[in-house]
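Q: Could you take a close look at one part of this model for me, and then walk me outward from there? I work at the bench, so please explain the terms as you go.

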Amino acid sequence: MNVIKPPGTFASAQTEPTSDVALESMRWKKETLDPAAAGIKDRKKFVTDTGLPVEPLYTPAHLEQINFDYLRDLGFPGEYPFTRGDRPGMNRTDPFVISAYSGFGDAEACNRRFRKLVEIGTEQILVALDLPTQCGYDSDHEMATAEVGNVGVAIDTLADMEILFDGIPADSIKRIGTLGNSIGPIVLALYAALGEKQGIAWSRYTVNLQNDPLKEYIARGTQILPPAPAAKLATDAVAWCVEHAPNWSPMTVCVNHINAGGAGSSMGTAIALSNARHYINLLLAQGYTIDQVAPLLHMFPDERHDFFVSVANLRALRRIWARMMKEQYGATKPEAMACRTTVYGHGQEALAEPLNNIPRTAFGTLAYVLGGASYVYLAGYDEAVSTPNENSARVALRTLQILANEHGFTDAIDPLGGSYYVETLTAQGERQILDGMAQIEQIGGALAAISTGFARRVMTEGAVRRQRAIDSGDRPWVTVNKWPEKPDVPNTAFRGDAQAETRQMARLARVKSTRDQKRVKTALAEVERATAEDRNVVPSVLEAVRAYVTVGEIVDIWRRQFGAFVPSTDF
Amino acid sequence: MSPPTNGQPQRRKIRVLIAKVGLDGHDVGARVVARGLLDAGMEVIYTGLRRTNEDVVRAAIEEDVDWVGVSILSGAHRVLLPRLRKLLDESGANDIRILAGGIIPQEDIPELQACGVDKIFLSGTPIAEIVDYLVKETKHV
């Protein structure tokens, strides 16, 4: 498949500027700026984290250079190419959803935090799962040693979900969900079964999953199986939703971890979009249409170094998505062309003096809000150190509420649209993303980007480049390379309840001994059959989950059938 | 040992095994440190993700390293690091020393050092500081 090029963009980039503004800009630089700046050493390197040089001033001459055409490149919110927004009224009529990612300990302890979050205004909760759950090990597995309830809540069976959402009906907030990247069909089934237990129809609540296994091999590291079967299982969750819960969002394709790990937001977006194409192609090959599939997919963009690049990246992403869906995949429904975005506000958080991370994450998140994100999370100021404590979780939520309600940030739609600087960055970022996608296409697509080591190289080189920019001072960072302070992990960092692991083990043992063993056996056999016959696994997994089969028992079947992933030792 | 050059015995390079133990999948820090130590002229091996302590001890002995640098961000350090020290000692590798890097609360540091973890570098430590420490502390250098 060909990568689509935005028509006209950059067509005249190489020609000599001749307009009055362009000539006047050159004159200003020569006669006014240069003499004033003479002998003053640049106080930093003026270059974005994505490698674009930043000029001192942007004028209409830059719009000429990118061959800017308002109607073609921007249009209007809620209309093709959706550059200015995926929804018609954006935050005026359809405010971004105030979201929290939270989880720790066992379901009981975590349920108390969730109730508190809902009470203070959280509209969406994504459950942070502990690493054993994310990696498909039950709490009593040897690999789970010292990890149960550590970076998230332990979920072994549906019994844990029932406790986790006790007193929080699935339809009482806008969306519930989790990441579950390597166990997508299982977490989908757990949320479907939760609705059944609570007596709430699937059509009455919305489940959001990350369910994007491919980026785990590149950046996040919870992969279980080889990439190809992992991607297939993830698309089973999407296909099941097309049939049974088209109002759910069962897949959020992530730039986030790929950028954070070193790729930069442009190459990170290129890799994520290539991953999205892989999932989409699998679904189309099963006979689903793009109009059925695309509205269920979200993107999770990320840029945490440069404010204006962040705004531009969101706008460019929406434009590329719309064009890809319409021109390449032949989508006809606007919902299939409008890219809905989930974002997680970060700044460049530091370990020293963690309270400074409050303004950092607020600025980072403001960029996403101005860029028109649909679902917005914000990192706790202590999140670089530990699971946010109750106080930092509250500050994060209140910061989101302030961004949504104060200062007029959300009054006008796409308020930075038309800025000479932001439009230039949007066009430049779009070009970088499309080039990156073409590069990945050339080596054979998303799976090849993983198997050839391409993505890993991009990541390591980017991480090393960032480290050098920090060590050299090219990228200023307060308390790190400017006014440096010793990094500190304070003793007040959140500590999980030491009894959570014991409680979890006891509950798991109880559930295992009291469940209907015959039903368990039948259900596991059906998961095994569905997997072997390459059918959609979700119906069989749902029946297993209802029978209180554990996450580990289901994943063990997949490990046996597909084999385990082999960790790379390259660096 | 390599043959002597210019009449001088060539010094053995510092050998470091960078390791990820447990389920924590964040290895950017580990890879950046590995690359930094390599650039500083050391010999570096990386275990890749999700290793058991047993895997790490085996690799450390096979590769005859001076140091094992363990990266942990998931909070499992209090259990995993003392176990690693114990396993190394039990395998007769008391001379292999342990560095830890990542997110480790201050109050845990004395406890870890008492259990035989040599030094802890928190996230954000400049690579040069780690290099200096290794050059200063490695016995044969």
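A: Happy to. Let's begin with His407(A), which counts as exposed because it has 10 C-beta neighbours inside 10 Å. The scale behind that word is simple: with C-beta atoms placed from the backbone, a residue is buried if 20 or more other C-beta atoms lie within 10 Å of its own, exposed if 12 or fewer, and partly exposed in between. Before going on, please keep in mind that this is a predicted model, in which local features need pLDDT of at least 70, side-chain atom pairs count only at pLDDT 80 or more, and totals for chains, interfaces and linings use all residues. Residues are numbered from 1 along each chain as its sequence is written, while chains are lettered from A and ligands numbered from 1 in the order in which they are written.

Where does His407(A) sit? Its place is the loop between α17 (390–405) and α18 of chain A. Helices (H or I, at least four residues) and strands (E, at least two) are DSSP runs, numbered from the N terminus. His407(A) is not a glycine, and yet its phi is positive, at about 70°.

Follow the chain from that loop and you reach helix α18, residues 420–443 of chain A. The expected span of a helix is 1.5 Å times one less than its number of residues. For the 24 residues of α18(A) that gives 34 Å, and the end C-alpha atoms are 35 Å apart, which agrees. Just past α18(A) comes Gly444(A), with a positive phi of about 115°.

A glycine also follows helix α11 of chain A: Gly264(A), just after α11(A), has a positive phi of about 85°. The helix itself, residues 256–263, has eight of its eight residues buried, so it is largely enclosed by the rest of the structure. Among those buried residues are Asn256(A), His257(A) and Ile258(A).

A second residue worth setting beside His407(A) is Asn67(A), in the loop between α2 (60–65) and α3 of chain A. Asn67(A) is a residue other than glycine with a positive phi, near 55°. With 17 other C-beta atoms within 10 Å, Asn67(A) is partly exposed.

After α3 (70–74), in the loop that leads to α4 (90–93) of chain A, you will find Pro81(A). The peptide bond joining Tyr80(A) to Pro81(A) is cis, and its omega is near 0°. Both of these residues touch Ala322(A): setting aside neighbours within four places in sequence, the contacts of Ala322(A) are Tyr80(A), Pro81(A), Phe82(A), Met337(A) and Cys339(A). Here, contact means that the C-beta atoms of two residues, placed from the backbone, lie within 7 Å. Ala322(A) belongs to helix α14, residues 307–328 of chain A, and counts as buried because it has 23 C-beta neighbours inside 10 Å. From Ala322(A) to Asp86(A) is 236 residues in sequence, but 9.6 Å from C-alpha to C-alpha.

Another pairing in chain A starts at Thr18(A), in the segment before α1 (20–37). Thr18(A) is exposed, with 9 other C-beta atoms within 10 Å. Its C-alpha atom is separated by 9.8 Å from that of Glu64(A), 46 residues apart along the chain.

Now for the partner chain. Here 32 residues of chain B are in contact with 34 residues of chain A. On the chain B side, the elements that give two or more residues are α1 (28–39) and α3 (77–90). The largest share, five residues, comes from α1(B). By class, that side has 15 nonpolar, eleven polar and six charged residues; Ala, Val, Leu, Ile, Met, Phe, Trp, Tyr, Cys and Pro count as nonpolar, Asp, Glu, Lys and Arg as charged, and the others, Gly among them, as polar.

Chain B has five helices and five strands, running β-α-β-α-β-α-β-α-β-α from the N terminus. Buried residues make up 50% of its 141 residues.

Finally, a word on confidence. pLDDT is the predictor's confidence in each residue, from 0 to 100. Chain B averages 89, and 92% of its residues score at least 70. The model as such scores ipTM 0.85 and pTM 0.93.
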